[in-house]
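This report is meant for someone who is meeting the structure for the first time. It begins with the overall make-up, moves on to the sheet and to one helix that packs on it, and ends with a few single residues.

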Amino acid sequence: MTEVAIDATVAKQNLLDLDREGMERFFAETLGEKRFRAHQIMKWIHHRYVTDFNDMTDLGKVLRAKLEAHAEVRVPQVQFEKPSTDGTHKWLLAMDGKNAIETVYIPDKNRGTLCVSSQVGCALNCQFCSTATQGFNRNLSTAEIIGQVWVAARHLGNVPHKQRRLTNVVMMGMGEPLMNFDNVVRAMSIMRDDLGYGLANKRVTLSTAGMVPMIDKLAEVSDVSLAVSLHAANDALRTELVPLNKKYPIAELMEACVRYAQRKRGESITFEYTLMRDVNDQPQHARELARLMREFDNRLQMKDAAKVNLIPFNPFPGTRYERPDDATIRRFQKLLNESGRIAPVRRTRGDDIDAACGQLKGQVADRTRRQAEHLKRLESQGGPGVDAAA
Ligand code: SF4
């Protein structure tokens with residue numbers, strides 16, 4: 001057997017951080033191994049959930065020793081998990097000594113959706129969001145993002161292409177995914193890769209609060225579905241609810257969505273609208289929304305280019321917002337339906353375990369200092385200004 005020199009001072013590469021291209025490069029450049037070996041190991045990790053190189057039985061001893069010397073498969077540790085009575089399942093995953101994030105699996109009739117987080121906390125400070133109350137600590141690495149899928153898929157006994165328990169991923173958990181662009185794009189590439197989780201482009205959705213320049217950047221590198229957290233169809237109210245709107249107002253955001261849909265050859269875009277009592281749930285708000293959605297369809301010359309999801313607000317401790325009553329929700333929906341828009345009301349799932357939309361919180365340490373640093377950095381890069389977190 002060939003001796004493999006181990007340099008304990010060199011940090012091992014976490015293979016969960018690598019997509020197909022990165023894995024092939026690592027195998028060629030660091031291990032001096034062929035491409036198909038990189039593919040073999042991706043299948044061990046993402047299809048069979050094996051993390052110990054010694055259990056990867058079709059790899060030779062020499063390769064296993066090289067892997068031991070230079071690499072590891074480090075998955076997030078489950079700190080706590082809780083099934084809901086409605087089948088929803090929530091995991092609290094430890095990301096380091098201090099922080100934890102939440103990941104939620106939501107089964108439905110013929111689909112199973114995993115809601116994945118992209119940051120520890122969030123700097124955007126949307127006023128109705130539980131994550132926002134924790135501030136921002138840091139971006140998640142690719143390994144920490146795809147690790148959420150790994151944990152859930154293993155729990156569900158997921159076998160890509162064979163069973164359908166995990167059919168969809170939405171980047172809609174804690175954080176603004178477009179503010180952690182490279183890691184999110186790499187993780188989404190593993191989700192869609194046959195050597196990863198084999199999900200179709202349409203079944204991976206990125207949800208953004210409206211980072212306009214990054215929507216254009218995303219269109220250049222990825223084919224995933226896009227969802228936008230809209231919540232109001234006029235700038236005054238949207239700026240109040242989503243402070244990022246001050247930097248990227250609705251007209252600019254809608255134009256970026258038009259460009260995204262055009263590049264994706266007419267794919268529809270989903271607009272999420274959280275209904276809050278006496279804030280954005282009145283007939284005039286429904287009419288404004290209907291008008292904005294019609295304009296979007298017209299720009300794309302396509303019926304239903306804009307899809308609307310209505311989400312009744314899920315209260316959390318300390319919030320000043322309330323959920324509208326059922327009659328108000330139905331009235332809002334009816335007005336949209338009368339304008340020709342199908343607008344499903346999202347059923348509240350997992351609210352007995354605080355896993356409903358907008359309730360994800362995790363544990364965010366050391367947030368104040370990091371939040372200030374993060375916003376300063378973004379400001380200097382032309383990102384959202386400090387008032388995004390005001
Ligand atoms: S709604 Fe999303 S973007 Fe806004 S603060 Fe919450 S996690 Fe961040």
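Of the 390 residues of the protein, 56% count as buried, and these values, like the others below, come from a predicted model. The protein has 11 helices and 13 strands. Among contacts between residues at least 6 apart in sequence, 68% join residues that are at least 24 apart.

**The sheet**

Nine of the strands deserve a joint description, since 9 strands form an open sheet with mixed pairing, in the order E3-E4-E5-E6-E9-E10-E11-E12-E13. At its edges lie strand E3 (77–83) and strand E13 (306–312), each of which pairs on one side only. From one strand to the next, the twist averages 20°.

Within this sheet, strand E9 (residues 168–171) and strand E10 (residues 204–208) pair in the parallel sense over 3 bridges, and Val169 has Val204 in E10 as its bridge partner. Strand E10 also holds Thr205, which is buried, with a relative accessible area of 15%. Once its neighbours within four places in sequence are left aside, Thr205 is in contact with Val169, Val170 and Met171, and also with Ser225, Leu226 and Ala227.

**Helix H8 and its surroundings**

How far apart are the end C-alpha atoms of helix H8 (residues 250–263)? They are 20 Å apart, which agrees with the 20 Å that the 14 residues of the helix should span at 1.5 Å a residue. The buried residues of H8 are Ile250, Leu253, Met254, Ala256, Cys257, Val258, Tyr260 and Ala261. These buried residues pack against helix H6 (212–221), strand E11 (225–229), helix H7 (235–241), strand E12 (269–275) and helix H9 (283–300).

The partners just named include both strands and helices. In the sheet, whose strand order includes E11 and E12, the twist averages 20° from one strand to the next. H8 packs on the sheet, where it touches E11 and E12, and the direction of H8 makes about 145° with that of E12.

Two packed helices are described by the angle between their axes and the distance between the axes. For H8 and H9, the packing angle is about 40° and the axes are 10 Å apart, and the two helices are therefore oblique to each other. H8 passes H9 in a right-handed crossing. On the H8 side, the contact is made by Ile250, Met254, Glu255, Cys257, Val258, Ala261 and Gln262, while H9 contributes Leu292, Met293, Phe296, Arg299 and Leu300.

**Residues with positive phi**

Most residues other than glycine have a negative phi. Against that background, a few residues of this model may be picked out. H8 is followed by Arg265, whose phi is positive, near 50°. The table sets out two further residues, each of which lies in a loop.

| Residue | Phi | Loop | Relative accessibility |
|---|---|---|---|
| His231 | near 70° | between E11 and H7 | 3% |
| Gln301 | about 50° | between H9 and E13 | 75% |

Is His231 buried or exposed? His231 counts as buried, because its relative accessibility is 3%, under the 20% that serves as the cut-off. Gln301, by contrast, counts as exposed at 75% relative accessibility, a value over the 50% required.

**Helix H3 and the loop after strand E2**

An earlier part of the chain can be described in a similar way. In helix H3 (residues 61–70), Leu63, Arg64, Lys66, Leu67 and Ala69 are buried, and what covers these buried residues includes helix H1 (20–29), helix H2 (35–46) and strand E2 (71–72).

In the loop between E2 and E3 lies Val73, which counts as buried at 11% relative accessibility. Which residues is Val73 in contact with, leaving aside its neighbours within four places in sequence? The contacts of Val73 are with Asn14, Leu15, Leu16, Ile45, Thr51 and Phe53. One of them, Ile45, is 28 residues from Val73 along the chain, and the C-alpha atoms of the two are separated by 7.9 Å.

Technical notes: Residues numbered from 1 in each chain as written. Predicted model: local features only at pLDDT ≥ 70, side-chain atom pairs only at ≥ 80, totals over all residues. Heavy atoms only, no water. Helix = DSSP H or I, 4+ residues; strand = E, 2+ residues; numbered from the N terminus. Expected span 1.5 Å × (residues − 1). Buried < 20%, exposed > 50% of the residue type's maximum accessible area, 1.4 Å probe, protein only. Contact = heavy atoms within 4.5 Å. Pairing = 2+ DSSP bridges. Axes fitted to C-alpha atoms, helices over the stretch in contact; angles between N-to-C directions. Parallel < 35°, antiparallel > 145°, perpendicular 65-115°, else oblique. Left-handed = near helix turned anticlockwise from the far one by under 90°.
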